[in-house]
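Trainee: Got a minute? I want to go through this one with you.
Mentor: Sure, put it up.

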Amino acid sequence: MRYEAPESLEGAVALLAGAKGEARVLAGGTDLLVQMRADVVDPELIVDIKKIPETRTVTEEKGGWRIGAAVTGAELKEHTRLKQAWPGVVEAANLIGSTQVQGRATLGGNLCNGSPAADSVPALIAAGALASLAGPKGRRDLPVEDVMLGPRKLALTKGEIVVSFLLPPRPARSSDAYLRFIPRTEMDIAVVGAGVSLSLDAGGTITAARVSLGAVAARVLLVSEAAQAIIGSRLDKAAQDRLEAAARTACRPIDDKRGTIEFRTDVAAVLSRRTALIALDRARAN
Amino acid sequence: MAKHHIEATVNGDPAEFLCETEDTLLDVLRDTLDLTGSKEGCSSGDCGACSVMLDGRLVCSCLVLGCEVGGRKIETIEGLAKGESLHPLQRRFLEAAALQCGICTPGFLVASKALLEKNANPSEHEVRFWLAGNLCRCTGYDKIVTAVMDTAAAMRKG
């Protein structure tokens with residue numbers, strides 16, 4: 001098993017594109033090392049991307065924020081201004097695993113692990129984040145909702161890596177939130193996750209919204225019907241009911257040991273409403 | 001393929017070792033550097049028995065590759081005591097019987113020290129959340145949490 005830690009994107013892309021056998025990108029390793037240990041994967045080449053500066057930095061860009069794919073959850077939590085602009089994204093990232101896992105786990109890894117239950121992904125999708133990719137044909141941007149196609153299946157081509165995420169500028173009176181349901185209080189995998197981002201006008205009416213649901217389909221969903229259900233409202237009871245109905249309709253979950261189809265569908269509706277109410281409160285305070 | 005030749009700092013001293021790509025930092029610490037204080041519980045990042053500090057950040061050494069740590073600073077349980085003098089957390093764990101079989105204890109101590117360096121006055125809630133990634137099958141946690149809170153209080157008094 002070969003290990004490489006290139007210091008340039010070009011170097012990383014060339015290594016991955018030229019790999020003969022199975023190649024894996026290493027960011028925080030909290031999924032990859034577990035999968036290697038369990039013999040789920042046995043890569044011939046591991047490309048550690050943490051020495052590439054763009055993957056490890058958080059910077060302001062065009063009024064928004066660029067977050068490196070290999071920035072850890074613990075680092076995001078300590079970034080006061082990012083947390084103020086995107087509390088939902090940061091809280092979602094901070095729900096992944098323990099303090100120890102937070103010291104290593106990354107947004108890029110959470111997305112590229114390809115789990116529909118990934119906690120940070122609904123928050124990133126609700127935020128309207130763009131994944132910035134680098135590959136043999138150069139750079140391109142993909143909306144985060146288009147990166148994952150299904151469990152363990154990504155839209156990345158051979159040699160392509162997620163380098164960073166761009167979160168858009170925040171208008172006044174905007175905020176976001178993320179909630180998940182797990183049967184315990186800490187360290188578990190989402191049975192359902194809900195991310196909501198919204199903006200208000202001066203009168204408190206929702207002018208823009210994005211709603212995303214995790215663990216209720218083969219991929220994390222961007223539910224535009226749920227956003228439409230609350231845009232133009234002040235999230236009154238009628239709008240909350242429409243939001244719940246839209247969330248319910250969008251769900252295509254599986255039955256498994258963590259939740260039945262019926263339970264997941266119900267929880268998706270409830271979490272969508274609660275998450276939207278938190279985002280609304282935060283937006284009012286901004 | 002040839003082994004990786006890695007130079008790092010372990011508990012303040014330079015350390016040099018050879019490892020295979022698939023060797024974890026925990027494998028290297030225990031099997032190559034003879035630092036067997038860090039324990040292998042689950043090897044999947046769930047139990048925290050292998051907790052160490054990597055460049056000042058609390059991590060599970062079972063989820064770090066040995067070949068990743070070149071040039072980096074690692075602190076293990078072996079670095080907690082200064083010679084014969086135990087760290088206040090170690091003393092308090094002994095006095096309060098905050099351990100039984102002891103397998104989880106090195107991880108709890110490393111994690112608790114990391115917490116107190118970040119937050120000298122944690123609430124019980126904060127202690128429990130911070131230590132949620134350290135599993136103990138003996139104590140029921142209460143004595144551990146109390147020992148951490150008591151140590152924090154004593155250290156604040158100086």
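Trainee: What pLDDT does chain B average?
Mentor: This is a predicted model. Chain B averages a pLDDT of 97, and 99% of the residues score at least 70.

Trainee: And what ipTM does the predictor give the complex?
Mentor: The ipTM is 0.97. The pTM is 0.97 too.

Trainee: On to the interface. How many residues of chain A are in contact with chain B?
Mentor: 21 residues of chain A, in contact with 24 residues of chain B.

Trainee: Which elements of chain A give two or more residues to that side?
Mentor: β1 (2-4), α2 (32-37), β3 (45-48) and α6 (99-102) of chain A.

Trainee: Which one has the largest share?
Mentor: α2(A), with four residues.

Trainee: How do the residues on that side of chain A divide?
Mentor: Nine are nonpolar, seven polar and five charged.

Trainee: Switching topic. What does the domain assignment of chain B give?
Mentor: Domain 1 covers 4-79 and domain 2 covers 88-157. Taken over C-alpha atoms, the centres of these two domains of chain B are 22 Å apart.

Trainee: How many residues does the contact take from each domain of chain B?
Mentor: 13 residues from domain 1 of chain B and 11 residues from domain 2 of chain B.

Trainee: Which strand gives the most on the domain 1 side?
Mentor: Strand β3 of chain B, residues 51-54. That strand gives three residues to the side of domain 1 that touches domain 2.

Trainee: And how do the residues on that domain 1 side divide?
Mentor: In chain B, the side of domain 1 that touches domain 2 has seven nonpolar residues, five polar and one charged.

Notes
Residues numbered from 1 in each chain as written. Chains lettered and ligands numbered in written order. Predicted model: local features only at pLDDT ≥ 70, side-chain atom pairs only at ≥ 80, totals over all residues. Contact = placed C-beta atoms within 7 Å. Nonpolar A, V, L, I, M, F, W, Y, C, P; charged D, E, K, R; others polar. Domains from an automatic or database assignment. pLDDT = per-residue confidence, 0-100.
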